[in-house]
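Here are my notes on this one, as promised. Have the viewer open while you read, since the points hop around the fold.

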Amino acid sequence: MSLFDIEAAGTDEPRRLTLVRLSREVIDRLTGIGRVQVEGEVHGLKTYASGASFTLRDRAARISVWWSVGGRNQGQCRVTEGQSARVIGRVQFEPGRGSLRLAAEEALPTGAGAVAELVAEARSRLAAAGILDRERRALPRLPAAVGVVCGREAAVRRDIESVVAARWPGYPLRFCEVGVSGPAAGQSIAEGLARLSADPDVQVVILARGGGDAADLLPWSEEALCRAIAAAPVPVISAIGHEEDRPLCDEVADLRCGTPSLAATAVIPDRDLLLAELAGWIAQAEAAADVAAERGRRRLASLAPGRALDARAASARHRLGRAGDAVAHHHPRAAVVRARAVLASLEREREALSHVRVLERGYAVVRAHGSTAALRDASGVNAGDRVEITLAKGALVAAVEDVDGG
């Protein structure tokens, strides 16, 4: 049945209707059409403070288009006279004028040249603001969680989840599904980025989308979205479309990847490789600790009581000798007297600390047989071990009968 066929089905008898009733039936039928996306050429473009109007036409048909500013309509009208354009909206009937029109939610150019011009304008403003040349943020080596802003298409999410399954099964991901094309897509993407960035566990966010033509990807080049990426508190990765797709957000993000799978690979660590690397670091640290400990043991073993005092005394004697040469034919100066007094004091201190004097007072130095290090703990030997005992005069070699750990 035709949309405007008001005759009763199966009969030639016309129904008697008022114009109001007729208008209502037409509106009801149009409501069933729902949201549509149509393409054509823009003609008769007029702009107003409240919106814009134009005719969208092709070789066989035409329709009036009205786009209003603000309200619930968050889309854009970025077309110019004579351009090929894509319009998304709903067909409406205007009873007062008795005409149809397309109430547009969004009207965007479809020609590659027109889209490139829009992107170039936004790029120029971002460059002037210093956003394109800003310092890029480093990606975390092991993020607590990875955020992903994507559409509701299963392919993108499945690609990312397959990378996680291969590199680190169960790695924490946070998905935020939003509208990635059509009216208000840029705003939806920016809001998704803000929601994920507010999660304290999310330390990096991937913006992911499948491929599309220039008009489909235009929301990813919107200036507001690019500014949101630059202002995000965490690094942002742009993974839009395929390798050849290059929306403006690629130039603003902290890292650009050709596909969502490559983006996931960039931030999801390979668990096996990371564990192997950690094992290598631990082995290096243990080896370095062993070397340092052995070096310390050798230094301790080589130290003899009073060695530091010997060095200080030698230095004092050297200084005293230089002072004595300077006054060889004069009376000793007070400095020389003081130097001699210091030297004598050091000599007495060294003599008192000498291990020989300690041994003369009845003490002994015990070492495990064949070792140069003195034993300070009975647990260093076992029953039956041989030990060497150094006395003030001579040394003894003895066998340990029993060990008391004390």
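**Notes on the fold**

1. Let's start with Arg-227, which sits in helix 5 (residues 223-231). A word on naming: helices (H or I, at least four residues) and strands (E, at least two) are DSSP runs, numbered from the N terminus. This is a predicted model, where local features need pLDDT of at least 70 and side-chain atom pairs count only at pLDDT 80 or more, while totals for chains, interfaces and linings use all residues. Residues are numbered from 1 along each chain as its sequence is written, and side-chain values use heavy atoms, with hydrogens and water left out.

2. Is Arg-227 buried or exposed? Neither, as it happens: its relative accessibility is 35%, so it counts as partly exposed. The cut-offs are under 20% relative accessible area for buried, over 50% for exposed, and partly exposed in between (1.4 Å probe, protein chains only). Leaving out residues up to four places away in sequence, Arg-227 touches Arg-125, Leu-126, Ala-129 and Ile-131; contact here means heavy atoms within 4.5 Å. Arg-227 and Ala-190 are 37 residues apart in sequence, yet their C-alpha atoms are 9.2 Å apart in space.

3. For the overall picture, the protein has 10 helices and 13 strands. Of its 406 residues, 33% are buried. The accessible surface comes to about 24100 Å², and carbon and sulfur atoms account for 53% of that; these areas come from the Shrake-Rupley method with a 1.4 Å probe, and for residues only the protein chains shown count as cover. Among contacts between residues at least 6 apart in sequence, 61% join residues at least 24 apart.

4. Now the strands toward the start of the numbering. Strand 1 (residues 35-47) and strand 2 (residues 51-57) pair antiparallel over 5 bridges, where pairing requires that DSSP finds at least two bridges between two strands. A hairpin with 3 residues links strand 1 to strand 2, and Glu-41 stands opposite Arg-57 of strand 2. Strand 2 is mostly covered, with 5 of its 7 residues buried.

5. Strand 2 also pairs with strand 3, antiparallel and through 7 bridges. The hairpin between strand 2 and strand 3 has 4 residues, and Ala-52 stands opposite Trp-67 in strand 3.

6. Why is strand 5 (residues 99-109) described as largely enclosed by the rest of the structure? Because 8 of its 11 residues are buried. Strand 3 (residues 62-68) runs parallel to strand 5, joined by 4 bridges, while strand 4 (residues 84-94) runs antiparallel to strand 5, joined by 10 bridges. Have a look at Ala-103 in strand 5: Trp-66 has it as bridge partner, and Arg-90 stands opposite it. In the hairpin of strand 4 and strand 5, with 4 residues between the strands, Gly-98 takes a positive phi near 65°.

7. Next, the parallel sheet. It is open, with 5 strands in the order 7-6-8-9-10. Its edge strands are strand 7 (173-177) and strand 10 (255-256), each pairing on one side only. Strand 6 (residues 145-150) is joined to strand 7 by 5 bridges, and Cys-150 has Glu-177 in strand 7 as its bridge partner.

8. Helices pack on this sheet too. Helix 4 (residues 185-197) lies across strand 6, strand 7, strand 8 (202-209) and strand 9 (236-240), and runs at about 165° to strand 6. (Axes are lines fitted to C-alpha atoms, for helices over the stretch in contact, and angles run from 0 to 180 degrees between N-to-C directions.) Helix 6 touches strand 6, strand 8, strand 9 and strand 10, and its direction makes about 165° with that of strand 8.

9. Helix 6 (residues 260-267) also packs with helix 3 (residues 154-167), at an angle of about 35° and with the axes 8 Å apart. From helix 3, Val-156, Asp-159, Ile-160, Val-163 and Arg-167 meet Pro-260, Ser-261, Ala-264 and Thr-265 of helix 6.

10. Last, the other open sheet: 3 strands in the order 11-12-13, with antiparallel pairing. Strand 11 (365-368) and strand 13 (395-399) are the edges, each pairing on one side only, and the twist averages 25° from one strand to the next. Strand 12 (residues 386-390) is joined to strand 13 by 5 bridges, with Arg-386 partnered by Ala-399.
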